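Trainee: Please take a close look at one part of this model, the packing of helices against one another.

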Amino acid sequence: MSTENALLPYGLGSPDLVEIQKGYLVDSAIAEDLNKLIECCRENGFELRLESAYRPFEKQLSIWNRKARGELPLLDESGNPMQRPSGEEDLMHAILTWSALPGASRHHLGTDIDVVDALSCPPGYEVQLTPAECTGMFARFHAFLDGLFGSGRSFGFNRVFVPGRGKIRPEGWHIAHIPASRRLLEQFSVKTLRGIYERTDIACKDALLKNLDALAEDYIYPYFL
Ligand SMILES: [Zn+2]
């Protein structure tokens, strides 16, 4: 990998992206498999629709800083709005309940997507990406995906944020192209991430730098598959 591409796992650099559905970009390396997955869903009566795909570092950084500044709501474990903690470490952990570390979001890879079944969406419904949707209106779709992922004909895709793995809460809507993401994550190091934070205007910087090794054990490495 060239030096320029060495920053791809952190959402930096210039990935080779293609627009797979309107407004949603993925790594060109997964386009063929993703189209096969979409076609397979269609043959089985589902319309796989992306709700999120590639997200650059700057976007995740903006979410992180706006949550820290109180410009976006902070939610507690149950998803209810919470008071903004005054201590930097408590604030950092509160943001981490629902938001990935900038530079360590799997959406930086371009190999991970959030999906719903468009055919199961009531007219005008705005998707929230919640566990309740996965077990509610999209339950049949997710059961179908589970079947595919268990069958060995899943075109490289599988779930990542499952119960019992790491400290990121389970995300039933999030799936990843495992082989393509693995190739990128082989280039990832906490040392490089630390260097990025040191030269970035990021909220809770001191707490992040102080706790980064422990954070990696809980929020990053468990999801390297
Ligand atoms: Zn996701």
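Mentor: What follows deals with helix 8 and its two partners. The model is predicted, so local features need pLDDT of at least 70, side-chain atom pairs count only at pLDDT 80 or more, and totals for chains, interfaces and linings use all residues. Residues are numbered from 1 along each chain as its sequence is written.

Helices here are DSSP runs of H or I with at least four residues, numbered from the N terminus. Axes are lines fitted to C-alpha atoms over the stretch in contact, with angles from 0 to 180 degrees between N-to-C directions.

Helix 7 (residues 190–198) and helix 8 (residues 205–220) have axes that come within 10 Å and cross at roughly 170°. Helix 7 is therefore roughly antiparallel to helix 8, a term for angles over 145 degrees. Val190, Arg194 and Tyr197 of helix 7 meet Lys205, Leu208, Leu209, Leu212, Asp213 and Ala216 of helix 8; contact requires C-beta atoms, placed from the backbone, within 7 Å. By class, this contact has six nonpolar, no polar and three charged residues. Ala, Val, Leu, Ile, Met, Phe, Trp, Tyr, Cys and Pro count as nonpolar, Asp, Glu, Lys and Arg as charged, and the others, Gly among them, as polar.

Helix 3 (residues 88–96) packs on helix 8 at about 40°, with the axes 11 Å apart. That angle makes helix 3 oblique to helix 8, the class left after under 35 (roughly parallel), 65 to 115 (roughly perpendicular) and over 145 degrees. Glu88, Glu89, Met92 and Leu96 of helix 3 touch Asp206, Ala207, Leu208 and Tyr219 of helix 8. Five nonpolar, no polar and three charged residues make up this contact.

Definitions and conventions. Helices (H or I, at least four residues) and strands (E, at least two) are DSSP runs, numbered from the N terminus. Two residues are in contact if their C-beta atoms, placed from the backbone, lie within 7 Å.
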